[in-house]
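Colleague: I'm new to this one. Could you take me through a single part of it, the place where protein and RNA meet?

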Amino acid sequence: MPPVRLTIEAKHSSARAGVLHTPRGDILTPAFVPVATKADIKGIESAKFPSLGVQTLIANTYHLYLSGLDAVEKGGGVAKFMNWNGPTMTDSGGFQVFSLGTGFGKKISKFTPEKKDLQQNGLAKAPEGSEDPRGSFDGDLSSSAPAVYDEDLATSHGKLAIVDDEGVSFTSHLDGSLHRFTPERSVEIQHRLGADIFFAFDQCTAPTDSYEEQKEAMERTHAWAKRSLSTHRQNLDANTKQGIYGIGQGGQFDDLRRESARTIGNMGFDGFGLGGSFSRKYGDHSLQSALAMLTELPEGMSVHGLGVGEPEDILLGAAHGVDTFDCVTPTRNGRNGGLYTKRGKIQIPNAEHQYDYSPIDEGCQCPTCQNHTRAYVHHLFRTREILGPILASMHNIYFLTKLCSDIRESILNGQFEQFKNSFLETYKGN
RNA sequence: GCGUCGGUGGUAGAGUGGUCAAUUACACUUGGCUGUAAACCAAGCGCCUUCGGGCUACGUAGGUUCGAAUCCUACCCGGCGCA
């Protein structure tokens, strides 16, 4: 019996409600998975999770590898280390390849280590015949540019990562030191982190990337998936304790998406990760166009939506059969003053809330709304008190976990469509 | 009373004859945030505008100058020192 498996309880068209069984407990799906990048949901201690409807969380391989890996491992893995006795996940670090590298601009920064520098350091294999593997490095690769950390350059979003077929060479955003991830290395680190569910190392793309770029990243992701899976399957101990999800890519191209789902779906993974980057800056339909791929997956395979977390997108994803969603939206928006309400998002620091003594969201059962007013949270933001972002994050997390449990209930009751339409009507203010 | 230093936009504080409607920070107004390099980032922030520009502004009132927040005079206000 695989350590991670999904039991589907009810379906409503493609939407489904189920139970995702993991070694550390069951997750009722659809479920929202808060992001705990560095082994904490920013601002929220684990004792608070139950009151926020949190069933599981996802930590990050890249960040924990750069700081804290040994301590996490010796502390018994991500879950035990943070004193959370529920299921956990880890992301593979593949997204950082994107966000630290190809995702930022098209101009190579002089901060970026060159391939030859990396090779000199024994960090990179020469990708034969691929001087320009992604076709996006229009910087001058031949001039000598030292891979030295420079805060100004770092904060101006220079690229910190270079991809080749073997893996990714990158410089730490913390101290500029050189590192290298391969699929094998990512899996080994994730074994040490010990989450119930972890992801194969992939290459994430932006929906705006060209067909050629998407195809190349997808094929590389498939090759890496195979290597990730094989590395995992060779570790018999880890196989009994952890499930591995493969990630599909393909950008906005339906043929690539479907091909990716078929390929990854038939490799023997314990679940499927819907890959990509669905920020609105890439348009309003990047998620929509990616979701069709899910119909190519084997029946009953669990699906995780990576980085899908706006309420509309969770509803959209759930409608297409996504079981779990992770996203930074509740915590990042919360810290920055953006709060979810049934009637849409509000900016709590804005002047209109100064004397509003009603709760953030009328009828909300979260600890913040049960105990505090908009005026109070507004005041905490204005005075830059740390409690403001904490209360805001708690509310937002609850909002999204509640949305997922409402979706689940509506599917079990055969009312998903009605619930979805009614929620969106109120949320969008129509 | 005498001497001295100083009075700049919501605040602090630059500027010390033209490139100044005035650097910068904070405050303020608003927008953004989708597998977290994010307790972050961005825009706006005298009035009017056909967006070319126009008008009023650097304690108050005069003056010098082609031109003044910047120089001069008087006055008002504040700090400090001496009586």
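Modeller: Before we get there, one term: pLDDT is the predictor's confidence in each residue, on a scale from 0 to 100. You'll want it, as this is a predicted model. Chain A averages a pLDDT of 88, and 87% of the residues score at least 70. Go easy on residues 104-157, though: pLDDT stays under 50 there, and the model has 96 contacts beyond four places in sequence for that stretch. For the complex, the predictor gives an ipTM of 0.88 and a pTM of 0.87.

Now to the RNA. Around RNA strand B there are 45 residues, and Cys204, Arg280, Gly307, Val328 and Thr331 come nearest. Sorted by type, the residues of this surface are 15 nonpolar, 19 polar and 11 charged. Looking from the RNA side, 51% of the atoms of strand B within 4 Å of the protein belong to sugar or phosphate, and the rest to bases.

Let's zoom in on a few atom pairs. Gly307 uses its backbone: an N or O atom there lies 2.2 Å from a sugar or linking oxygen of RNA strand B. With Asn336 the side chain takes part, placing an N or O atom 2.9 Å from a base oxygen of the strand. Gln249 also points to a base, with a polar side-chain atom 3.4 Å from a base oxygen of RNA strand B.

As for elements, those giving two or more residues to the surface near RNA strand B are α4 (94-102), β14 (324-327) and α13 (329-335). Of these, α13 gives the most, with 5 residues.

How values were computed
Residues numbered from 1 in each chain as written. Chains lettered and ligands numbered in written order. Predicted model: local features only at pLDDT ≥ 70, side-chain atom pairs only at ≥ 80, totals over all residues. Heavy atoms only, no water. Contact = heavy atoms within 4.5 Å. Near = heavy atom within 4 Å. Polar contact = N/O pair within 3.5 Å; in protein donor to acceptor, adjacent residues only side chain to side chain. Helix = DSSP H or I, 4+ residues; strand = E, 2+ residues; numbered from the N terminus. Nonpolar A, V, L, I, M, F, W, Y, C, P; charged D, E, K, R; others polar.
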